[in-house]
Amino acid sequence: MMEKRKKIKRCTSDRVLTTVFYAVAGVFAIACLYPLLLAIGTSFTDEASITVNGYNVIPREFSLEAYQMIFGSLGKNLFNAYCVTIGVTVCGTILSILVSSSFAYVLTVREFKPRGALNMFLYIPMIFSAGLLPWYIMCTKYYHLTNNFLALVLPCCINAFNVFLLRNFFKSIPEELAEAAKIDGANYLRIFSVIYFPLAKVGLVTVGLFYALSYWNDYYLSLMFISRQNMYPLQYYLYNMLSNVQFMANQANASLGYNINIPLETTKMATICVTIGPIILLYPFAQKYITKGVIVGAVKG
């Protein structure tokens, strides 16, 4: 009888604790979701209404003026910027995964004696940096990365943290599989492509999403190396567009002496919605790989 009471009490306490955890997670989820809903609601609000009533999740005066400005006369340039960004993201992610996974695999091969030096070679740049000027001179003068597609891909094609993460994944794969493949006559390239690469799918998806987010959100490389407007990626193009809208509003207000209702704030929010749309659609499909990948990569090795 006492044991039954203890079980009932334990189940009750577990339910209460589970309810508390779900409540805390729900509040945290709402806190994270609210800024996004606020941005979406504001993007569909009239600029004058924002000036009077402030930001609202539900628009008080519905307006598509911000999206008309973005997709209207600038629609062709926006489509071109989207194509550039998608191309950079896809090609850059594939290249980064291949380079990072190859580097990480080499660091796990015991027979490769210089792997200790390569570890230090990869680890030192995580702490020390030569600075912006040597990096810029190297990319422009010696690699000629100006106004071309490679300028948006090569400077960020490898990340030391992602390489170490993949190395830990490869270390979690049993070495017996590689030894059996060696007995069958497989070389290191075949072992990597047939055994390690497929078995590290979770880590590759996790690192691939990290790289994809980095390429998608990047505007710094285009700011440094791109001067042709037809090669602007999405982030840098929208940054220039917002700067031009801000300049137009300031000049008009200063010259005329009174405020002109240019949709500046709503355009900013619409820009956020246009930019993060594809990433929001992609993230739910890769979430399970990210959670598992970070845990395994952090514990192993």
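Is Trp-135 buried, exposed or partly exposed, and what is its relative accessible area? In this predicted model, Trp-135 is partly exposed, with a relative accessible area of 26%. That value fits the partly exposed class because buried means under 20% and exposed means over 50%. A look at the whole chain helps to place this residue before its partners are introduced.

The chain has 13 helices and zero strands. Reading along the sequence therefore gives an α at every step of the pattern, α-α-α-α-α-α-α-α-α-α-α-α-α. Of the 301 residues in the chain, 36% are buried. Among contacts with a separation of 6 or more, 73% are made by residues 24 or more positions apart. The accessible surface of the chain comes to about 18600 Å², and carbon and sulfur atoms account for 67% of that area.

Aromatic rings offer a friendly way into the structure. The count comes to 15 aromatic pairs. In one of them, Trp-135 and Tyr-220 are stacked, with 6.2 Å from centre to centre and 20° between the planes. This pair links distant parts of the chain: Trp-135 is in helix H6 (residues 132-142), Tyr-220 is in helix H11 (residues 220-225), and the two are 85 residues apart. Tyr-220 is partly exposed, with a relative accessible area of 34%.

Trp-135 also pairs with Phe-225, and here the rings are tilted, at 5.3 Å centre to centre with 55° between the planes. Why is this pair called tilted? Its angle of 55° is neither under 30 degrees, as needed for stacked, nor over 60, as needed for edge-to-face, so the pair counts as tilted. Once again distant parts of the chain are linked, with Trp-135 in helix H6 and Phe-225 in helix H11, 90 residues apart. Phe-225 counts as buried because its relative accessibility is 3%, and the cut-off for buried is under 20%.

Another group of rings can be picked out in the model. Ring pairs link Tyr-105, Phe-170, Phe-192, Tyr-196 and Phe-197 into a cluster.

Attention now turns to the surface. A nonpolar patch of about 730 Å² is made there by Met-120, Tyr-123, Ile-124, Met-126, Ile-127, Phe-128 and Phe-161. One of these residues, Tyr-123, is found in helix H5, which covers residues 115-123. Tyr-123 is partly exposed, with a relative accessible area of 40%. Patch residues need over 30% relative accessible area, so Tyr-123 at 40% meets that requirement.

Note on methods:
Residues are numbered from 1 along each chain as its sequence is written. This is a predicted model: local features need pLDDT of at least 70, side-chain atom pairs count only at pLDDT 80 or more; totals for chains, interfaces and linings use all residues. Side-chain values use heavy atoms; hydrogens and water are left out. Patches are made of residues with over 30% relative accessible area and no salt bridge: like charges are joined within 9 Å, nonpolar side chains (Val, Leu, Ile, Met, Phe, Trp, Tyr) within 5 Å. Accessible areas come from the Shrake-Rupley method with a 1.4 Å probe; for residues, only the protein chains shown count as cover. A salt bridge is a side-chain nitrogen of Lys or Arg within 4 Å of a carboxyl oxygen of Asp or Glu. Helices (H or I, at least four residues) and strands (E, at least two) are DSSP runs, numbered from the N terminus. Buried means under 20% relative accessible area, exposed over 50%, partly exposed in between (1.4 Å probe, protein chains only). Contact means heavy atoms within 4.5 Å. Rings of Phe, Tyr and Trp (its six-membered ring) pair if their centres lie within 6.5 Å; planes under 30 degrees apart count as stacked, over 60 as edge-to-face and the rest as tilted.
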